[in-house]
Amino acid sequence: MEKRRELWIDAAKGFSIIFVVMGHSGDAAANHYLSWFRMPLFFLLSGLVFKPVDPGRYPGWAARRTKGLMTPYFAYGLLIAGVLLLFSFNIRGFAENIARLLYGGLSLTGPYGVFWFITCLLFTQLLFGYIVRYSRRTQFLLITSAYLVSHLISLTALKNFNLPWNIDVALLAVTYYAIGFYGKQAIPALISRYSALLVLLPLSALVLLLERTGVIHYSLNMKYKEYESLVLDLAVPLLISLTICAAVYQLARLIPLGWMGSLGRNTITIMYLHLPLNYSLKYLLGADYGLVPFTLIGVIVPLLAAKWAMRYPVLSRFYLGKAGVPPAKRTGKAASVSSNG
């Protein structure tokens with residue numbers, strides 16, 4: 001049961017990163033509708049696997065989380081800045097890129113466009129990791145307050161303040177993260193039923209229809225703090241996220257999804273590289289090439305790069321945020337173990 005649960009979570013992350021790449025392809029319709037849930041789904045899935053931290057161990061845990069997420073952040077950031085410098089020989093531009101990387105938030109655009117998510121995820125984890133030390137009632141009060149404050153920011157002039165590393169967006173993200181954590185038992189129990197998908201899928205389609213026909217007007221952009229509906233910003237992302245989770249869970253019963261699980265375990269490389277790779281190719285070709293090629297290039301090439309980096313501990317530590325596992329020598333017993341997976 002645990003392995004199946006881990007598989008559907010990884011597979012759902014795999015689909016989610018594909019949705020992220022699709023949304024950045026330049027297709028306006030894809031970006032509009034996928035933005036409703038692609039980031040909330042990531043936070044929900046992250047919350048599902050979160051383990052509470054003992055208050056006495058919080059400082060050490062926070063340091064490890066910061067190192068694990070920020071090491072690739074700066075590794076990829078410096079790599080991109082270095083490549084741009086090689087092609088432009090623009091020292092000032094290089095210095096500006098480093099400054100933007102250090103400040104983060106809304107200053108991150110172009111090939112750095114998705115870097116905001118990593119710092120937001122970090123602060124969300126640190127915030128929630130601190131909150132869970134309190135009683136469940138206090139946790140709910142703090143998370144509800146954070147959700148309300150996030151909307152206060154979005155609906156006022158505070159929205160225009162570019163805080164470092166999108167710290168204020170974590171006030172919204174922690175709600176989706178908390179839903180995943182508190183739903184550790186309820187969500188798998190719900191989506192494991194075929195009947196749940198039969199209810200969730202039509203409801204998601206109904207929301208899409210209502211928006212398409214102008215009955216409701218909805219948009220969500222976490223990076224730019226565009227979340228203006230207290231009810232819909234909770235209901236729509238949750239509904240569609242649960243629908244995707246249910247679909248993935250049931251799909252895993254019918255066909256092997258190990259390949260999608262592998263994709264979900266390598267989202268970090270795809271997250272960082274899909275934009276610079278596609279921007280570079282578009283520049284070389286001198287033309288846009290549409291949603292499908294953009295998505296295939298943005299997913300497959302970084303995935304291959306991640307698989308390659310795993311073979312080298314140093315690259316794995318810097319660019320994947322974890323220790324690499326060198327390939328086993330295919331001699332004697334080691335070859336037998338390796339061949340049997």
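Buried, in these notes, means under 20% relative accessible area. I am working from a predicted model.

**Entry 1: the overall search.** I looked through the whole structure for salt bridges and found 4. I followed up some of them below, among them the pair Lys 225 and Asp 168.

**Entry 2: Lys 225 and Asp 168.** I checked burial here, with the cut-off in hand. Asp 168 has 6% relative accessibility, so it counts as buried. Lys 225 is at 1%, so it is buried as well. Their side chains meet in a salt bridge, 3.0 Å from N to O. I then asked myself where the two residues lie. Lys 225 is in the loop between helix 10 (194–212) and helix 11 (232–254), while Asp 168 is in the loop between helix 7 (136–154) and helix 8 (170–182). The pair links distant parts of the chain, 57 residues apart.

**Entry 3: Asp 10 and Arg 265.** Next I looked up the salt bridge between Asp 10 and Arg 265, where the closest N and O atoms are 3.1 Å apart. This one also joins distant parts of the chain: Asp 10 belongs to helix 1 (residues 2–23), Arg 265 to the loop between helix 12 (258–264) and helix 13 (267–285), with their positions 255 residues apart. Buried or exposed, I wondered of Asp 10? It is buried, at a relative accessible area of 15%. Arg 265 is partly exposed, at 45%.

**Entry 4: Arg 92 and Glu 96.** I finished inside helix 5 (residues 91–103), which holds both residues, 4 apart, or about one turn. Their salt bridge spans 3.4 Å, N to O. Arg 92 is exposed at 65% relative accessibility, and Glu 96 is partly exposed at 42%.

Conventions
Residues numbered from 1 in each chain as written. Predicted model: local features only at pLDDT ≥ 70, side-chain atom pairs only at ≥ 80, totals over all residues. Heavy atoms only, no water. Buried < 20%, exposed > 50% of the residue type's maximum accessible area, 1.4 Å probe, protein only.
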